[in-house]
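Student: I would like a close look at one part of this structure, the sheet near the end of the chain. Please then link that part to the rest.

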Amino acid sequence: MKPYKILVTEALGPEGLAFLRQHAEVDAYDLLPPEDLPGLMDGYDAVIIRSAHRLTRDIMAGHPRLKVVARAGAGVDNVDLDAATELGLAVINAPGANAIAAAEHTFGLMLAVMRNILLGDQHVREGGWNRQAYLGQELYGKRLGIIGLGRVGRNVARIAHGFRMTVTAYDPYLTDDIFRAHNVTRVTSLEALLPDIDILTIHTPKSGPKLGLDLLSRLPRGAVVINAARGGLIDEDALATLMESGHIQGAGLDVFSSEPPPKTLKLFQFPHVVMTPHLGGSTHEALAEVGVMTARGVIDALNGLTPPNIVNVPIPDIEHDQLHALDYAAQVAGRVFATLNPVPGHHLVLTLSGDIAGSVAPWMRQAVLAAVLQERVDDRVNTVNALIKAEEQGIRLLVEEDGADSGEPTLKLRWEGQPDTETVLTLRQGTPVFKVLAGIPMEIPWPERALITRHQDAPGVVGKVGTLVGQYDINIGDLHLGRTRQGDRALMVLTLDTSPPPALLNAIRALPGIQDVYVFEE
Ligand SMILES: NC(=O)c1ccc[n+]([C@@H]2O[C@H](COP(=O)([O-])OP(=O)(O)OC[C@H]3O[C@@H](n4cnc5c(N)ncnc54)[C@H](O)[C@@H]3O)[C@@H](O)[C@H]2O)c1
Ligand SMILES: O=C(O)[C@H](O)COP(=O)(O)O
């Protein structure tokens, strides 16, 4: 019996499916009718879609088993990311896995428009041979304008250089180095880009700029427009208007505001508009790459890891094993802190130092916060939705820097204004070691099973607890004691070889001087 159940709603590369099947029971469809998806979501740990389906809040909510949703592809605009995050669902995608396919398809469309390939094909099939009627234009020496120099945009630039085009791009989110590295001239506005190019191609997410009549009119007369990114980035009515006036000579479209486009789409009237049914990422190679990347991400996320292709959790730039160790340290620190300090404050103060500063810090904050909240909130809370759940609980996270950004990763936690809640944990060669517990300095390598007593420092308490544990035939592997000062608050941490039964815990609780008893087991 496999531990997970996964629904795949649209054709996934066979390599990805095979990987999923090693770890999960998989129900895979070539194309699940979209209207059937809401009724099928129950009982799956993960659901994987492509562009034919939408994962809305309504569809994702109310499925206790669901932990991960995935978009097997680049664009996650058909997943309600805010809803997924609030619901604690990890969102996986496959960034870059189909970027070469999409870039090559962009050139397919470009060549089809510039060289009248589809019109010529139709003409020959109809028995014609009028070569003069289908005179085309070369890409060589043309000025290509790219909006969005991301994974696809950079591949477009690479191919364009092969055609000896000059390449200019607009992407306000990238550094100059990226433009230089790809031999692309940078412009800092669309207004600067559009008048000086022959061919425009857009490669931004759906949230990118919308090119309506005003912006498209800035293209020189006779320009060609390509959209293999997302429907709606190029306004279809505006494009039709400019095709009609002859301002725009031709267009290549792989994506549409509504897919498939309605029969009433004005652009169908123009022979120099070449259209494909969202084929940009549809090559065998890309589907294989997308399938494997998605499948690995989904299984990692189900296993509680943070894969590099998770969309709604900050991703630390470190090795898998190191991340796993830090995740464990965050769990231990958060759980022990929340259990020993059950009355929460309003402000949780977290100090990170050592190797968890930098790119790891945003993820670490969420991981620790999730572990603290897990002890307090019944609702599902995890690294994905920790910040949202904290806000719902009226808890604010205050992050303090202590300046040290190398050395052993160290987490310090306390409720603001309550120094006796301070908990300090260091990760030493992969093992969490507590340095301070509930404000009491102690040095405790964290065991698999620990029993902690909170008690009054007084003669006989330790011996009585030890005797009771022995009476239940449980071996004590290690013992640590700490106190604020003689006769004051004290803690005892016992490493036990076997689980203490409830009767033993009750017996310890009944001993004079004992304030509370806690058990932590893996
Ligand atoms: N047709 C297809 O089958 C197909 C295949 C793959 C990708 N896509 C789509 O192509 C697009 C690009 O994909 P990608 O993998 O390169 O994404 P990406 O995230 O790697 O790159 C997108 C780039 O757009 C830039 N950008 C964002 N907003 C912008 C704005 N307002 N103005 C200018 N630049 C902006 C970003 O800085 C980034 O560099 C996405 O919409 C994706 O969904 C379509
Ligand atoms: O975002 C993507 O990866 C592309 O739009 C491909 O979509 P598809 O998976 O439906 O082919």
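Tutor: In this predicted model, four strands form an open sheet with antiparallel pairing. Read across the sheet, the order is β20-β21-β19-β22. β20 covers residues 476-483 and β22 covers residues 514-521. These two strands stand at the edges. Each has a single partner strand, so one side of each is left without a neighbour in the sheet. From one strand to the next, the twist averages 15°.

Now take one pair from this sheet. Strand β19 holds residues 449-456, and strand β21 holds residues 489-496. The two run antiparallel and are joined by seven bridges. You can find one facing pair by eye: leucine 451 stands opposite leucine 494 in β21.

A record also speaks about this stretch. UniProt, in an unreviewed entry, lists residues 450-522 as "domain: ACT". Over residues 450-522 the chain is 26% helix and 42% strand. The C-alpha atoms at the two ends of that stretch are 9 Å apart.

Where does this part sit in the division of the chain into domains? Domain 4 takes residues 447-521. Ahead of it, domain 3 takes 315-446. Domain 2 takes 117-271, while domain 1 is written in two pieces, 4-96 and 285-303. The C-alpha centres of domain 1 and domain 2 lie 31 Å apart. Their contact takes four residues from domain 1 and four residues from domain 2. On the domain 1 side, the touching residues are one nonpolar, two polar and one charged.

Next, set another sheet beside the one you asked about. This open sheet has seven strands, with parallel pairing. Its order is β8-β7-β6-β9-β10-β11-β12. At the edges stand β8 (185-187) and β12 (273-275). Each of them has a single partner strand, so one side of each lacks a neighbour in the sheet. Here the twist averages 20° from one strand to the next.

Look inside this sheet too. Strand β6 (residues 143-147) and strand β9 (residues 199-202) run parallel, and four bridges join them. Isoleucine 147 stands opposite isoleucine 202 in β9. Helix α7 (residues 151-162) packs on the sheet. The helix touches β6, β7 (166-170) and β9. The direction of α7 makes about 165° with that of β7.

Helix α7 leads us to ligand 1. Of the 33 residues around ligand 1, Gly75, Gly148, Gly150, Val152 and Gly280 come nearest. The elements that give two or more residues to this shell are α5 (99-114) and α7. α7 gives the most, with three residues. By class, the shell around ligand 1 has 16 nonpolar, 12 polar and five charged residues. Domain 1 and domain 2 each supply at least three residues to it.

Ligand 2 has its own surroundings. Among the residues around ligand 2 are Arg50, Ser51, Asn98 and His278. Gly75 and Gly280 are also around ligand 2, and both are among the residues that come nearest to ligand 1. The shell around ligand 2 divides into two nonpolar, eight polar and one charged.

Two backbone details finish the tour. Most residues other than glycine have a negative phi, and most peptide bonds are trans. Asparagine 183 is not a glycine, yet its phi is positive, about 55°. Asparagine 183 lies in the loop between α8 (176-181) and β8. The second detail is a cis peptide bond joining glutamate 259 and proline 260, with omega about -5°. Proline 260 is placed in the loop between β11 (248-253) and β12.

Key: Residues are numbered from 1 along each chain as its sequence is written. Chains are lettered from A and ligands numbered from 1 in the order in which they are written. This is a predicted model: local features need pLDDT of at least 70, side-chain atom pairs count only at pLDDT 80 or more; totals for chains, interfaces and linings use all residues. Two strands pair if DSSP finds at least two bridges between them. Axes are lines fitted to C-alpha atoms, for helices over the stretch in contact, and angles run from 0 to 180 degrees between N-to-C directions. Two residues are in contact if their C-beta atoms, placed from the backbone, lie within 7 Å. A residue is near a molecule or strand if its C-beta atom, placed from the backbone, lies within 6 Å of it. Ala, Val, Leu, Ile, Met, Phe, Trp, Tyr, Cys and Pro count as nonpolar, Asp, Glu, Lys and Arg as charged, and the others, Gly among them, as polar. Domain bounds come from an automatic or database domain assignment. UniProt positions are given in the numbering used here, feature names are shortened, and annotations may be inferred rather than shown by experiment.
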